[in-house]
Amino acid sequence: MRPTWRWFGPVDRVSLSDAAQAGAVGIVSALHHIPTGTVWPEDEIARRHAEIRAAGLVWDVVESIPVSEAIKTQSGPWRGHVAAWSETLRRLAASGIRTVCYNFMPVLDWTRTDLRRETRAGARAMRFDLPDFAAFDLHILRRPGAAEDYPPALVEEAGRRHAGFSAARIAELGRNIGAGLPGSADGYTLDELRERLAAYDGIGADRLHGHLVDFLAEVVPVAENLGVNLCAHPDDPPWPLLGLPRILSTEGDYRAMLDAVPSAANGVTFCTGSLGARPDNDLPGMAARLGPHIHFVHLRNVTREAEATPCSFFEDEHLEGGTDMVAVIAALLDEEARRRAEGRADARIPMRPDHGQEILDDLTRGAQPGYPAIGRLKGLAELRGVERALTHPALRRAGAVPAEGAA
């Protein structure tokens with residue numbers, strides 16, 4: 001796999017030099033300062049390429065061109081936003097970009113109750129605490145009908161949690177849960193969040209899936225003609241939140257999307273952390289079965305605190321947690337070998353170490369939550385080590401690894 005690194009632009013406290021020293025050869029980036037629903041200017045695209053090239057790296061993947069709430073709800077200027085999205089795609093393709101990641105999560109992107117929870121070893125990790133989230137929904141946001149979405153025991157526990165919250169914890173939950181896309185300056189106040197939620201009244205999973213299909217029916221032909229791979233990121237966490245539907249949480253969800261708009265350009269961002277929060281997602285099996293459609297890989301691990309959906313979980317070290325990362329990487333290497341045999345130009349799949357615990361100097365750097373320098377460096381080193389071992393000639397001679405892969 002091709003090792004890449006997410007970089008949020010010049011404001012990122014983790015530099016391009018850090019990424020290169022960590023072992024990345026490609027960069028995953030986006031123009032977070034361009035308003036959602038507008039076309040990315042050609043000079044801004046060229047500037048980002050130049051910044052990355054100056055560090056001896058290549059802008060490999062765009063993550064992401066945001067899909068507006070208007071597109072997801074098919075309201076207001078949504079058709080104009082789809083046209084702007086397609087035009088941005090054309091401009092990115094003209095600049096050399098061949099992989100574009102996006103998500104179709106309504107209102108909230110990845111959602112956590114804690115952005116820097118201390119671990120037993122003194123590192124800091126992101127966490128989703130289900131009772132705290134329910135307490136926010138029931139007692140801070142006060143969403144109408146919220147109690148119907150939780151079992152009685154969880155409603156009771158959420159009430160106890162809320163009774164013990166300090167004013168600082170209440171404010172922290174509002175900031176953490178109401179945050180926008182990583183890297184963006186967007187975020188919601190409680191009133192803004194209530195307004196956004198109201199826009200989804202009457203929009204269930206089937207209707208939202210229909211809106212996704214309508215969007216893809218417009219943009220996938222454009223991508224196909226340009227030679228660009230589109231890859232949808234899974235829901236994070238992979239279950240409904242705040243009464244909102246989620247439609248890319250399981251293998252079945254992805255199959256429905258791929259079958260609705262069949263095209264080599266219509267693909268998957270395989271995020272082991274997002275999908276791994278559900279115990280019923282078989283990650284190695286999904287990597288093998290969805291393999292031909294996987295255009296981009298996020299490798300990270302979570303530890304579930306209960307074998308249920310939904311559940312509390314935290315972001316563990318890359319080779320720990322509930323996902324068998326070695327088996328996942330082996331399946332992805334098998335897919336790369338299959339692609340090479342077919343002569344596919346995209347045989348080498350871009351991969352990035354997703355998130356990471358804050359360790360050592362990360363603890364004082366103040367980088368984007370989830371995107372520390374040393375925690376990701378450690379993760380990338382471990383993942384590349386697994387890949388190197390699985391593709392070593394000694395193991396292939398012993399018959400332990402059937403696939404041939406590039407370390």
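The following paragraphs lead through the domains, sheets, domain interface and local backbone features of this structure. The model is a predicted one.

The protein chain is divided into two domains. Domain 1 is assembled from three segments, 2-111, 199-307 and 317-397, whereas domain 2 covers 114-191. Between the C-alpha centres of domain 1 and domain 2 there is a distance of 25 Å.

A barrel provides a starting point for the description of the strands. Eight strands close into this barrel, in the order E1-E2-E3-E4-E7-E8-E9-E12, and their pairing is parallel. From one strand to the next, the twist averages 30°. One of the pairings joins strand E4 (residues 99-103) to strand E7 (residues 229-233), in the parallel sense and over five bridges. Within this pairing, Tyr102 stands opposite Ala232 in E7. Helix H4 (residues 78-94) packs on the sheet, where it touches strand E3 (58-63) as well as E4 and E7. The direction of helix H4 makes about 155° with that of E4.

The structure also holds an open sheet, in which four strands follow the order E5-E6-E11-E10 with antiparallel pairing. Strand E5 (114-118) and strand E10 (301-304) each have a single partner strand and stand at the edges, so one side of each is left without a neighbour in the sheet. Here the twist from one strand to the next averages 40°. In general, the strands of a sheet pair through backbone hydrogen bonds, in either the parallel or the antiparallel sense. Strand E10 pairs with strand E11 (residues 313-316) in the antiparallel sense, over four bridges. Val302 has Glu315 of E11 standing opposite.

The interface between the two domains can be considered next. The contact takes 28 residues from domain 1 and 22 residues from domain 2. The size of an interface is often expressed as the accessible area lost when the parts come together. Between domain 1 and domain 2 the buried area is about 2200 Å², and carbon and sulfur atoms give 61% of it. On the domain 1 side, Thr111, Leu242 and Glu358 lose the most area to domain 2; together they account for 26% of what that side buries.

Polar interactions also occur across this interface. Seven residue pairs are found in polar contact between domain 1 and domain 2, with both residues at pLDDT 80 or more. The count of salt bridges between the two domains is three. The side chains of Glu305 and Arg127 meet in a salt bridge, with an N to O distance of 2.6 Å.

Some local features of the backbone remain to be described. Most peptide bonds are trans, and most residues other than glycine have a negative phi. Against this background, the peptide bond from Glu63 to Ser64 is cis, with omega near 0°. Ser64 is found in the loop between E3 and helix H3 (69-73). The peptide bond from Thr309 to Pro310 is cis, with omega near 0°, and Pro310 lies in the loop between E10 and E11. Arg142, although not a glycine, has a positive phi of about 55°. The place of Arg142 is in the loop between helix H5 (130-140) and helix H6 (152-164).

Methods: Residues numbered from 1 in each chain as written. Predicted model: local features only at pLDDT ≥ 70, side-chain atom pairs only at ≥ 80, totals over all residues. Heavy atoms only, no water. Pairing = 2+ DSSP bridges. Helix = DSSP H or I, 4+ residues; strand = E, 2+ residues; numbered from the N terminus. Axes fitted to C-alpha atoms, helices over the stretch in contact; angles between N-to-C directions. Domains from an automatic or database assignment. Contact = heavy atoms within 4.5 Å. Buried area = accessible area lost by both parts, 1.4 Å probe. Salt bridge = Lys/Arg side-chain N within 4 Å of Asp/Glu carboxyl O. Polar contact = N/O pair within 3.5 Å; in protein donor to acceptor, adjacent residues only side chain to side chain.
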